[in-house]
Amino acid sequence: QVQLVESGGGSVQAGGSLRLSCAPSGYTYRRYCMGWFRQTPGKEREGVAAIPSGGTSTYYAEYVKGRFIISRDNAKNTLYLQMDSLKPEDTAMYYCAAAPCGGSWYSSPLTQYQYNYWGQGAQVIVSS
């Protein structure tokens, strides 16, 4: 059974930092491309960052470039999202997701429909 479990969410003041972790199980993690998404009530889920199976490249949404860093440790089966210089507009439920790596993933790595497996989410609240 595939499971992705996020942790590390919480409340922080604007300008602060948080690090999210995602612990997948039930599939061969190192073979999958991974992504972080976020969603606020009433809005579509949006891509934040993505990383291929080997971690050789990274992809970011414009609104987090320079502030967030996605990384993965295949030996520890863990995905991370380091979030710095947080803004109130970063407040959202954050989800990690897994997708088969392939040509279509590389053409649009921040598109949620590429992803097969999803975690339950971790809440991030940034106060001004």
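This is a short tour of two places in the structure: strand 5 with its partners, and Glu 6.

Before you start, note that this is a predicted model, where local features need pLDDT of at least 70, side-chain atom pairs count only at pLDDT 80 or more, and totals for chains, interfaces and linings use all residues. Residues are numbered from 1 along each chain as its sequence is written, and side-chain values use heavy atoms, with hydrogens and water left out.

**Stop 1: strand 5**

Select residues 46-51, which form strand 5 (strands are DSSP runs of E, at least two residues, numbered from the N terminus). Five of its six residues are buried, so strand 5 is largely enclosed by the rest of the structure (buried means under 20% relative accessible area, with a 1.4 Å probe and protein chains only).

Now add residues 32-39, strand 4, which pairs with strand 5 in the antiparallel sense over five bridges (pairing needs at least two DSSP bridges). Find Met 34: its bridge partner in strand 5 is Ile 51. Six residues lie between the two strands of this hairpin, and Gly 42 takes a positive phi near 85°.

Next, show residues 59-60, strand 6, joined to strand 5 by two bridges and running antiparallel to it. Here Tyr 60 stands opposite Ala 49.

**Stop 2: Glu 6**

Move to Glu 6 in strand 1, residues 3-7. What does the side chain of Glu 6 reach at 2.9 Å? The backbone nitrogen of Cys 96. The backbone nitrogen of Gln 120 lies 3.1 Å from a polar atom of the Glu 6 side chain.

Note on methods
Buried means under 20% relative accessible area, exposed over 50%, partly exposed in between (1.4 Å probe, protein chains only). Helices (H or I, at least four residues) and strands (E, at least two) are DSSP runs, numbered from the N terminus. A polar contact is a pair of N or O atoms within 3.5 Å; within protein, one must be able to donate a hydrogen and the other to accept it, and residues adjacent in sequence count only if both atoms are side-chain atoms.
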